[in-house]
Amino acid sequence: MRNAGHSVKAISTTGPGSAAEIARRCIDLSADLILVAGGDGTINEVANGMIYSDVPLAILPGGTANVLAMETGIGRWILQSADRLADWVPERIAVGLQTDGFERPPRYFLLMCGAGLDAHIVYHISAPLKAALGKVSYWIGGFSQFGRRFPEFDVEANGQTYRCSFALISRVRNYGGDLNIAPT
């Protein structure tokens with residue numbers, strides 16, 4: 001497909017983890033822009049495939065909460081954002097880095113990094129429930145863990161070690177798009 005003198009190719013993800021590889025492949029093929037239509041998880045995967053690249057990332061929000069789109073002012077709806085795409089100006093943003101000490105590769109994050117309760121809820125969310133209820137499914141997942149004890153682990157941040165069973169490192173104001181947990 002051709003558009004305004006540029007070659008445009010749509011590539012669909014095939015499952016968790018595939019978006020990073022697709023982004024790397026596009027960069028290797030000299031892409032001058034990567035446009036991702038998806039939710040925060042897909043966007044984060046694409047960003048992990050683009051780390052250290054100068055190729056800009058454009059976002060068309062299509063997820064459950066669209067926290068990144070809301071935090072950056074892009075908007076919550078894909079068509080609304082697409083209409084304004086030509087007016088966007090690239091802006092470099094810092095990313096967070098998560099390492100786990102278990103010899104797994106580091107992961108970068110744009111919004112937040114959760115461990116313990118948060119990670120358990122996100123990992124175990126029912127896809128059909130999420131499709132039917134959207135953000136409410138995360139609340140259901142969270143409340144279903146009420147009273148459960150999670151294993152403790154150490155978190156190192158800013159040179160200090162903390163023992164906890166739940167950790168959330170946030171680069172944005174809102175948790176899940178609605179709860180203002182870090183106003184500054």
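Is Ile140 buried, partly exposed or exposed? Keep that in mind as you start the tour, which goes through a predicted model. We will come back to Ile140 at a later stop.

**Stop 1: two helices side by side**

Begin by selecting residues 18-28, which form helix α1, together with residues 40-50, which form helix α2. A pair of packed helices can be described by the angle between the axes and the distance between them. Here the angle is about 40°, and the axes lie 7 Å apart. An angle under 35 degrees would count as roughly parallel, and α1 and α2 are therefore oblique to each other. Turn the view until one helix lies in front of the other, and you can follow the right-handed crossing that α1 makes with α2.

Now show the side chains where the helices meet. From α1, pick Ser18, Ala19, Ala20, Ala23, Arg24 and Ile27. Their counterparts in α2 are Thr42, Glu45, Val46, Asn48, Gly49 and Met50. Colour this contact by residue class and you will find six nonpolar, four polar and two charged residues.

**Stop 2: what surrounds α2**

Stay with α2 and switch on a surface for the rest of the model. Eight of the 11 residues of α2 are buried, so this helix is largely enclosed by the rest of the structure. To see them, select Ile43, Asn44, Glu45, Val46, Ala47, Asn48, Gly49 and Met50. What do the buried residues of α2 pack against? Their neighbours are α1, β3, β4, α3 (67-72) and β6 (107-109). Before moving on, click on Tyr52, which follows α2 and has a positive phi, near 70°.

**Stop 3: a pair of strands**

Next, select residues 34-38 for strand β3 and residues 57-61 for strand β4. The two strands run parallel and are joined by five bridges. Two pairings are good to label: Leu35 has Ala58 of β4 as its bridge partner, and Ala37 stands opposite Leu60 in β4.

Look along β3 with side chains shown, and you will see them alternate. Ile34, Val36 and Gly38 point to one face and are buried, whereas Leu35 and Ala37 point to the other face and are not buried. As for β4, four of its five residues are buried, so β4 is largely enclosed by the rest of the structure.

**Stop 4: into helix α3**

Follow the chain from β4 into the loop that leads to α3, and stop at Asn66. Its phi is near 50°, a positive value in a residue other than glycine. Asn66 is also buried, with a relative accessible area of 4%.

In α3 itself, select Leu68. With a relative accessibility of 6%, Leu68 counts as buried. Which residues does Leu68 touch, leaving aside those up to four places away in sequence? They are Asp40, Ile43, Ile59, Leu110 and Leu111. Try the distance tool on Leu68 and Gly39: the two are 29 residues apart along the chain, and their C-alpha atoms are separated by 8.7 Å.

Glu71 is another residue of α3 to select. Its relative accessibility is 18%, and under 20% is the range for buried, so Glu71 counts as buried. Beyond the residues up to four places away in sequence, Glu71 touches Val172, Arg173 and Asn174.

**Stop 5: back to the opening question**

Jump ahead to helix α7, residues 136-143, and find Ile140 there. At 40% relative accessibility, Ile140 counts as partly exposed. Setting aside residues up to four places away in sequence, Ile140 touches Leu129 and Leu133. For a distance to draw, choose the C-alpha atoms of Ile140 and Ile125, which are separated by 9.0 Å. Along the chain, these two residues are 15 residues apart.

**Stop 6: a loop between strands**

Finish at the loop between β8 (153-157) and β9 (160-164), where you will find Asn158. Asn158 has a positive phi of about 50°, although it is not a glycine. Is Asn158 buried or exposed? Asn158 is exposed, with a relative accessible area of 82%. To close the tour, display Asn158 together with Asn66 from Stop 4: Asn158 is exposed, whereas Asn66 is buried.

Key. Residues numbered from 1 in each chain as written. Predicted model: local features only at pLDDT ≥ 70, side-chain atom pairs only at ≥ 80, totals over all residues. Heavy atoms only, no water. Axes fitted to C-alpha atoms, helices over the stretch in contact; angles between N-to-C directions. Parallel < 35°, antiparallel > 145°, perpendicular 65-115°, else oblique. Left-handed = near helix turned anticlockwise from the far one by under 90°. Contact = heavy atoms within 4.5 Å. Nonpolar A, V, L, I, M, F, W, Y, C, P; charged D, E, K, R; others polar. Buried < 20%, exposed > 50% of the residue type's maximum accessible area, 1.4 Å probe, protein only. Pairing = 2+ DSSP bridges.
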